[in-house]
Amino acid sequence: MLHEYTIPGMLMRDHMVEVPLDWSKPEGETIKVFAREVCDPVKARDDLALLAFLQGGPGGKSPRPTDGGPPWLAEALKTHRVILIDQRGTGRSSRIEGATMAAFADGEAAGDYLGFFRADSIIADCEHLRKTVFGGRRWETLGQSYGGFLTLSYLSKAPEGLAACYVTGGLAGLSATADDVYRRTYPRVADKNAAFYSRYPHDAGRLGRIADYLDANDVRLPDGDRLSVRRLQTIGIDFGMAPGYDNIHWLVDEAFSGPKEDRLSDHFLASVMALTSFDDNPLFAVLQESIYGQGAAATAWAAERIRAEYPAFASDRRPLLLTGEMMYPWMFEEIRSLRPFRAGVEALAAREHYEPLYDPARLAANDVPVAAIVYHDDMYVDAGLSLETARHVGNVQAWVTNEFEHDGVRQSSSVLNRLMKLVRERGGPLPS
């Protein structure tokens, strides 16, 4: 244990372990993995069940608790000791940044390194933590978004470590390729654009005016990057979250400045830079397509290729359609924080062999209780693929709802509460 300290309502214990970079070569290079243990201070000496949080992303660090939140954490602390894991390459777990890429001689070496930060390695890290720091007891997991993908990998590779699993918006298609995913995603993003313009009809003209201004002028963001129309379109990634439409509207509302509103405002440019820079989580962009890599098919910039099938998303079309959770090759040229990753990401996109992340036979025979919320209108994870997966994984209860967007578990404690109730009503978690 590194440190122990208390903030209002939470006792924190910080842990750091050393793990192999390549789990198939445990004697080789190592990296560090960080986890923060959180419990109610009143229950610090109680024998509480463990709940490991599997963060969304990829490339996202675990939540940093503040003021009793997020809501799901406050709910979990009533009954559990919660383990917040910074997945390898994020937060305090041997964080990968642009400077990290300078160590590699070429793109192939960089791509090989980045390939060790996928789900199979993350699950091996979790098992090492569970066995060495937490006594080897089975633990429950809460997987948000990509954390649900990790849950399926966990059930495939080490189900003996799991007592129960709760998944929020993250049942991945077990055999879906990156092409399959984006062919389902673009129509849903188009629907979100339609809903946005229905709520704020005058924003269609305003976004078109912003795009025309960017086409006619060399507009620079505060970090020096040029703001292109296609980069502007990527702010649509927020459409899948509960406050997304409103966030984008208020951004667009203050886009122009000056007595004649003839230039883009500093506020607008700073906000767009923050939304599209990836300074705080470059792995989100770097690994986005490789999470769908399985078997002998290269992802080959699927989002870019499939976009061509949906010409309504072209940057010169009006009304301008914003894009979603898609990463494009040009981003690794136009965005300062991503440029150091370009050669490595090109190598990943061309990689023709990925180790399987899911074991269909083992999943079909699964006996670990799984309760999953499937968001009917989820922009990021296709509900159809999620329900197909639920039918092919043993012991899964799927709750389908349009009450929440993709961030439902972050908006209301009722989501985790109901998932836990579903498991309890079927006999509860497996004994630890």
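Colleague: Which strands does H4 lie across, and at what angle does H4 run to E6?

Modeller: This is a predicted model. In it, H4 lies across E4, E6, E7 and strand E10 (370-375). Its direction relative to E6 is about 140°.

Colleague: What is the strand order of the open sheet?

Modeller: The sheet has nine strands, with mixed pairing. Its strands are joined in the order E1-E2-E3-E5-E4-E6-E7-E10-E11.

Colleague: Which are the edge strands of that sheet?

Modeller: An edge strand here pairs on one side only. That holds for E1 and for strand E11 (396-401).

Colleague: What does the twist average from one strand to the next?

Modeller: Strands pair through backbone hydrogen bonds, either parallel or antiparallel. In this open sheet of nine strands, the twist from one strand to the next averages 20°.

Colleague: Which strands does H3 touch, and what angle does its direction make with that of E2?

Modeller: H3 packs on the sheet. It touches E2, E3, E4, strand E5 (80-86) and E6. With the direction of E2, the direction of H3 makes about 120°.

Colleague: How do H3 and H4 stand to each other: roughly parallel or roughly perpendicular?

Modeller: Their axes come within 9 Å. They cross at roughly 70°. Angles of 65 to 115 degrees count as roughly perpendicular, so H3 is to H4 roughly perpendicular.

Colleague: Which residues of H4 meet H3?

Modeller: H3 brings Ala119, Asp120, Ile122, Ile123, Cys126, Glu127 and Arg130 to this contact. By class, the contact has seven nonpolar, one polar and four charged residues. On the H4 side stand Tyr146, Leu150, Ser153, Tyr154 and Lys157.

Colleague: Is Leu54 buried or exposed?

Modeller: Leu54 lies in strand E4. Its relative accessible area is 2%. Buried means under 20%, so Leu54 is buried.

Colleague: Which residues is Leu54 in contact with, leaving aside neighbours within four places in sequence?

Modeller: Leu54 sits in E4, one of the strands that H3 touches and that H4 lies across. Its contacts are Gln87, Cys126, Thr141, Leu142, Gly143, Gln144, Gly147, Leu150 and Thr151.

Colleague: How far apart in space are Leu54 and Ser145, C-alpha to C-alpha?

Modeller: In sequence, Leu54 and Ser145 are 91 residues apart. In space, C-alpha to C-alpha, they are 8.8 Å apart.

Colleague: Which residue in E7 stands opposite Gln144?

Modeller: E6 and E7 run parallel. Six bridges join them. Opposite Gln144 in E7 stands Thr168.

Colleague: How many bridges join E1 to E2?

Modeller: Strand E1 (residues 3-7) and strand E2 (residues 10-20) run antiparallel. They form a hairpin with two residues between them. In the turn, Gly9 has a positive phi of about 85°. The bridges joining E1 to E2 number five.

Colleague: Which residues are linked with Glu4 in a network of salt bridges?

Modeller: Side chains of opposite charge can pair when their charged atoms come close. In E2, Arg13 is the bridge partner of Glu4. The network links Glu4 with Arg13, Glu37 and Arg81.

Colleague: How many salt bridges does the structure hold?

Modeller: One of them joins the side chains of Arg137 and Asp47, at 3.5 Å, N to O. This pair links distant parts of the chain, 90 residues apart. The structure holds salt bridges to the number of 31.

Colleague: Is Asp47 buried or exposed?

Modeller: Asp47 lies in the loop between strand E3 (30-39) and strand E4 (49-54). Its relative accessibility is 69%. The cut-off for exposed is over 50%, so Asp47 counts as exposed.

Colleague: Where does Arg351, the salt-bridge partner of Asp112, lie?

Modeller: The side chains of Asp112 and Arg351 meet at 3.1 Å, N to O. Asp112 is in helix H2 (residues 107-114), 239 residues apart from Arg351. Arg351 lies in the loop between helix H13 (342-350) and helix H14 (360-364).

Colleague: Which helix holds Arg362, the salt-bridge partner of Glu160?

Modeller: Glu160 and Arg362 meet in a salt bridge at 3.9 Å, N to O. Glu160 lies in the loop between helix H4 (146-157) and strand E7 (162-168). At 40% relative accessibility, Glu160 counts as partly exposed. Arg362, 202 residues apart from Glu160, is in helix H14.

Conventions:
Residues are numbered from 1 along each chain as its sequence is written. This is a predicted model: local features need pLDDT of at least 70, side-chain atom pairs count only at pLDDT 80 or more; totals for chains, interfaces and linings use all residues. Side-chain values use heavy atoms; hydrogens and water are left out. Two strands pair if DSSP finds at least two bridges between them. Helices (H or I, at least four residues) and strands (E, at least two) are DSSP runs, numbered from the N terminus. A salt bridge is a side-chain nitrogen of Lys or Arg within 4 Å of a carboxyl oxygen of Asp or Glu. Buried means under 20% relative accessible area, exposed over 50%, partly exposed in between (1.4 Å probe, protein chains only). Axes are lines fitted to C-alpha atoms, for helices over the stretch in contact, and angles run from 0 to 180 degrees between N-to-C directions. Angles under 35 degrees count as roughly parallel, over 145 as roughly antiparallel, 65 to 115 as roughly perpendicular and the rest as oblique. Contact means heavy atoms within 4.5 Å. Ala, Val, Leu, Ile, Met, Phe, Trp, Tyr, Cys and Pro count as nonpolar, Asp, Glu, Lys and Arg as charged, and the others, Gly among them, as polar.
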